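Below is a walk through one part of a fold, moving from a helix to a sheet and then to the nonpolar interior. Please keep the sequence and the 3D view open while reading.

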Amino acid sequence: MFIERMSSWTKGTWSHGVRFVQNKKNTGKLALGIFAVFLLVSGTIVGGYIYQSNLSTLYRVAIDGKDIGVVDNPQMIQKWLADMLVAEKKKYPHLAFGFNKKITITEEKHYAEKKLENKAVLDRLASEIKVEANAAQLVVNGKAIAYARDKKSIEQALTRLKAMYSEKKSTHALMVAVTPAFAPKVHAKAQPDLSDVSIKEHIDITYKTISPTRVLNDEQLMNVLLKGVPEQKNHVIKSGETLWNIASQYGLKEKELLALNPHLKEDSVLQIGDTINVQAFSPQVTVVSRKEMVETVAIPYPVKQQNDPKKYRGDDKVVIQGKNGSKQIVYELVKENGKLVRKNPVHQKILQKPVAQVVIRGTKIKPSRGDGHFRMPAVGLLSSRFGMRWGRMHEGIDIANPVGTPVHTADHGRVVFAGEKSGYGKCMIVDHGNGYRTLYGHLSSFIAKPGDIVVKGEVIAKSGNTGRSTGPHLHFEIRKNGEAVDPLPYLR
Ligand SMILES: [Zn+2]
């Protein structure tokens with residue numbers, strides 16, 4: 001539209017002046033850009049007087065209010081300006097253009113001949129006036145990040161960025177996200193649901209005149225949003241680093257790193273602690289996404305303990321088996337540009353209550369001292385008595401029984417020995433703390449271990465046929481202050 005109007009001025013039969021006024025406000029009329037144009041039509045009547053009075057008419061040209069000379073033909077200036085606009089528009093058909101400075105042409109009357117400055121004025125215009133694109137600029141937290149042809153391109157790029165991190169992806173969301181700005185309008189129903197994503201930074205989209213070379217297309221704009229803008233940083237060289245791995249740390253090519261550090265060459269030796277220039281890209285726009293996640297976790301069962309003073313300590317019995325419950329926890333996962341930053345529990349629901357385990361626990365302290373009354377250590381037949389046997393002293397009694405018969409301690413006490421003993425084979429000794437010890441020989445296995453406090457009747461071992469033995473039996477001794485005594489009188 002702008003260009004059309006320009007060409008109409010150049011073709012126009014009569015216009016006294018053209019003023020290019022910079023419009024400070026962004027009206028949103030993109031075709032007009034920030035340069036609104038006013039035609040000052042002062043009418044042909046004045047022209048009539050001019051003709052009759054024999055005055056010459058000249059045109060004073062000014063840039064930003066500063067006089068640069070007079071010309072006799074304003075159309076020459078107008079055409080020169082229009083040609084510049086047309087040339088840029090041809091190169092960048094999507095962009096709106098204007099001039100970098102305000103140009104005013106004002107009609108003047110002169111009686112005397114005035115020196116024309118046509119060439120000087122054009123030279124001056126050529127050196128000062130540039131055609132600039134009226135571009136939309138993306139401002140993130142007050143910092144200009146990128147330029148695009150219009151506000152809509154930036155808005156669409158931001159929507160596309162949000163759609164990339166939205167978990168509510170639908171075919172619609174993706175479709176809209178990649179729709180270029182110049183495509184026909186997408187039906188309202190196809191708007192993506194981006195309710196789970198937001199941008200953390202404060203975003204402004206304003207208009208600015210800049211060189212058209214700095215205006216990004218859709219893909220370049222997306223790239224800036226995703227990758228960020230380069231920022232100069234220093235890198236301190238650490239041990240073992242090479243140009244190649246420093247470059248890769250910052251997403252640079254080795255060539256790019258060398259270009260940032262002209263003093264370095266490919267084969268330069270790096271010194272630890274030296275600083276080199278690097279470029280780091282960091283995204284300037286952070287898309288925050290929120291998503292609910294449901295987790296089911298077990299609730300461990302509690303243990304209720306009931307003490308039983310009649311039972312010995314360590315003698316626990318589970319009377320009700322516990323059962324784990326379960327609960328559902330709803331979390332809010334907060335991600336920034338796809339990276340999890342927080343996991344907040346929102347609420348929880350018990351699915352199944354746990355069943356408490358009930359344990360009856362013995363509290364009675366085990367006596368480690370015997371009461372002096374001994375019980376039979378195992379069932380079986382008395383196969384040999386205490387006393388002289390085949391010319392040798394038999395220091396205990398033998399109880400014949402099958403291998404594996406439980407062996408009980410004859411009185412309360414503490415296990416002081418469990419191991420091999422010459423002639424006895426596997427053997428266990430219990431000290432009763434009252435001057436008596438009992439010995440159990442030819443065992444097949446041990447149940448109690450040295451140091452254990454054992455209560456009269458507790459199973460401490462299994463009978464066997466180890467050592468010097470003529471058949472499976474338990475050899476049992478009672479020693480009083482180290483002296484073997486006949487066990488039989490005690491076992492009543
Ligand atoms: Zn024996």
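Helix H5, residues 151–165, lies across strands S9 and S14. Relative to S14, helix H5 runs at about 15 degrees. As with everything described here, this placement comes from a predicted model.

The two strands under discussion pair with each other in the antiparallel sense, over three bridges. S14 covers residues 287–299, and its residue Val287 is the bridge partner of Ile199.

S9 and S14 belong to an open sheet of four strands, in the order S9-S14-S17-S18, with antiparallel pairing. Why does one side of S9 and one side of S18 lack a neighbour in the sheet? Strand S9 (197–199) and strand S18 (339–352) stand at the edges and have a single partner strand each, so one side of each is left free of a sheet neighbour. On average, neighbouring strands of this sheet are turned by 25 degrees against each other, direction ignored. In general, strands of a sheet pair through backbone hydrogen bonds, in either a parallel or an antiparallel manner.

Next comes the nonpolar interior. The largest nonpolar core holds 40 residues, and Ala146, Ala148 and Leu221 touch the most other members. Strand S7 (residues 131–140) supplies the largest share of this core, six residues. Domain 1 (2–129) and domain 2 (136–227) each contribute at least three residues to this core. Leaving aside residues up to four places away in sequence, Ala146 touches Leu138, Leu216, Leu221 and Val224. Another core, of 20 residues, lies apart from the largest one; among its members are Phe386, Val415, Met428 and Val454.

Notes
Residues are numbered from 1 along each chain as its sequence is written. This is a predicted model: local features need pLDDT of at least 70, side-chain atom pairs count only at pLDDT 80 or more; totals for chains, interfaces and linings use all residues. Two strands pair if DSSP finds at least two bridges between them. Axes are lines fitted to C-alpha atoms, for helices over the stretch in contact, and angles run from 0 to 180 degrees between N-to-C directions. Two residues are in contact if their C-beta atoms, placed from the backbone, lie within 7 Å. A nonpolar core is a set of buried Ala, Val, Leu, Ile, Met, Phe, Trp, Tyr and Cys residues joined through C-beta atoms within 7 Å. A residue is buried if 20 or more other C-beta atoms lie within 10 Å of its own, exposed if 12 or fewer, and partly exposed in between; C-beta atoms are placed from the backbone. Domain bounds come from an automatic or database domain assignment.
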